[in-house]
Amino acid sequence: MSDRWQYLLVLAACLAVTAPLEVFGRGVYRRWRRAARSILPVALIFLLWDEIAVAAHVWRYDGAYVTGLNVPVRVPIEEVLFFLVIPVCGLLTYNAVGTILAKVGRR
């Protein structure tokens, strides 16, 4: 397997591991509008930050580990997905832990 798929595979693994946590509480995917309102503004800020850093030659992406597909602002698609996938995984985990702690009376 080519190294250029590693970033995407790690993101997919993160989603696969946390997806079952959707069954706890009210869910994240079931309330996708709420999740989008919390994730998208922050993701846009960080994407802009990445673009500025790349343009200033402060930051770069190793072409060996990305597919080469970029969004219009020279940021790899993997980075865009990172700013969406990781917060979703975090919300799923937070929601599940909170629900479990509430059920055992520790919250």
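**Exercise 1. Confidence in the model**

What is the mean pLDDT of the chain, and what percentage of its residues reach 70 or more? Identify also the elements with the lowest and the highest mean pLDDT.

*Solution.* The structure is a predicted model. Step one concerns the chain as a whole: its mean pLDDT is 91, and 98% of its residues reach 70 or more. Step two turns to the elements. The lowest mean pLDDT, 85, belongs to strand β1, residues 70-71. The highest, 95, belongs to helix α1, residues 6-18.

**Exercise 2. The nonpolar cores**

Determine which residues form the largest nonpolar core and which helices supply them.

*Solution.* Begin with the membership: A43, L47, V54, Y61, V75, V80 and F83 make up this core of 7 residues. Next, consider the helices. Both α2 (32-55) and α3 (77-103) contribute at least two residues each. The largest share comes from α2, with 3 residues. A second core, separate from this one, has 5 residues, including V28, A35, I39 and V88.

Finally, examine one member of the largest core in detail. Leaving aside residues up to four places away in sequence, Y61 is in contact with D50, V54, R74, V75, P76 and E79. Of these partners, V54 and V75 are themselves listed in the core.

**Exercise 3. The largest pocket**

Describe the largest pocket by its volume, its lining and the classes of its lining residues.

*Solution.* The volume is about 230 Å³. The lining consists of R26, G27, V28, R31, R34, A35, S38, L91, Y94 and N95. Helices α2 and α3 are the elements that give two or more residues to this lining. Sorted by class, the lining has 4 nonpolar, 3 polar and 3 charged residues. A link to the previous exercise can then be drawn: V28 and A35 appear in the pocket lining, and V28 and A35 are also among the members of the second core.

**Exercise 4. Buried or exposed?**

Classify E22, H57, W32 and R4 by relative accessible area, using the limits of under 20% for buried and over 50% for exposed.

*Solution.* Take the residues in turn.

- E22 is in the loop between α1 and α2. Its relative accessible area is 11%, so E22 is buried. Not counting residues up to four places away in sequence, E22 touches G27, V28, Y29, R30 and L92.
- H57 is in the loop between α2 and β1. With a relative accessible area of 72%, H57 is therefore exposed. Its backbone also deserves attention: H57 has a positive phi of about 60°, although it is not a glycine.
- W32 lies in helix α2. Its relative accessibility is 52%, so W32 counts as exposed.
- R4 belongs to the segment before α1. Its value of 35% lies between the two limits, so R4 is partly exposed.

**Exercise 5. Separation in sequence and in space**

How many residues apart in sequence, and how far apart in space, are R4 and G63? Treat the pair W32 and Y61 likewise.

*Solution.* For the pair R4 and G63, the separation is 59 residues in sequence and 7.3 Å in space, from C-alpha to C-alpha. For the pair W32 and Y61, the separation is 29 residues along the chain and 30 Å between the C-alpha atoms. The contacts of R4 complete the picture: beyond residues up to four places away in sequence, R4 touches A64, Y65, V66, T67 and E78.

Conventions:
Residues are numbered from 1 along each chain as its sequence is written. This is a predicted model: local features need pLDDT of at least 70, side-chain atom pairs count only at pLDDT 80 or more; totals for chains, interfaces and linings use all residues. Side-chain values use heavy atoms; hydrogens and water are left out. pLDDT is the predictor's confidence in each residue, from 0 to 100. Helices (H or I, at least four residues) and strands (E, at least two) are DSSP runs, numbered from the N terminus. A nonpolar core is a set of buried Ala, Val, Leu, Ile, Met, Phe, Trp, Tyr and Cys residues joined through side-chain atoms within 4.5 Å. Buried means under 20% relative accessible area, exposed over 50%, partly exposed in between (1.4 Å probe, protein chains only). Contact means heavy atoms within 4.5 Å. On a 1 Å grid over the protein atoms alone, a cavity is a set of points where a 1.4 Å probe fits but cannot get out, and a pocket is an open set with protein on both sides within 12 Å along at least five of seven lines; lining residues have an atom within 4 Å of a point. Grid points are joined across faces, edges and corners, and a volume is the space filled by probe spheres set on the points. Ala, Val, Leu, Ile, Met, Phe, Trp, Tyr, Cys and Pro count as nonpolar, Asp, Glu, Lys and Arg as charged, and the others, Gly among them, as polar.
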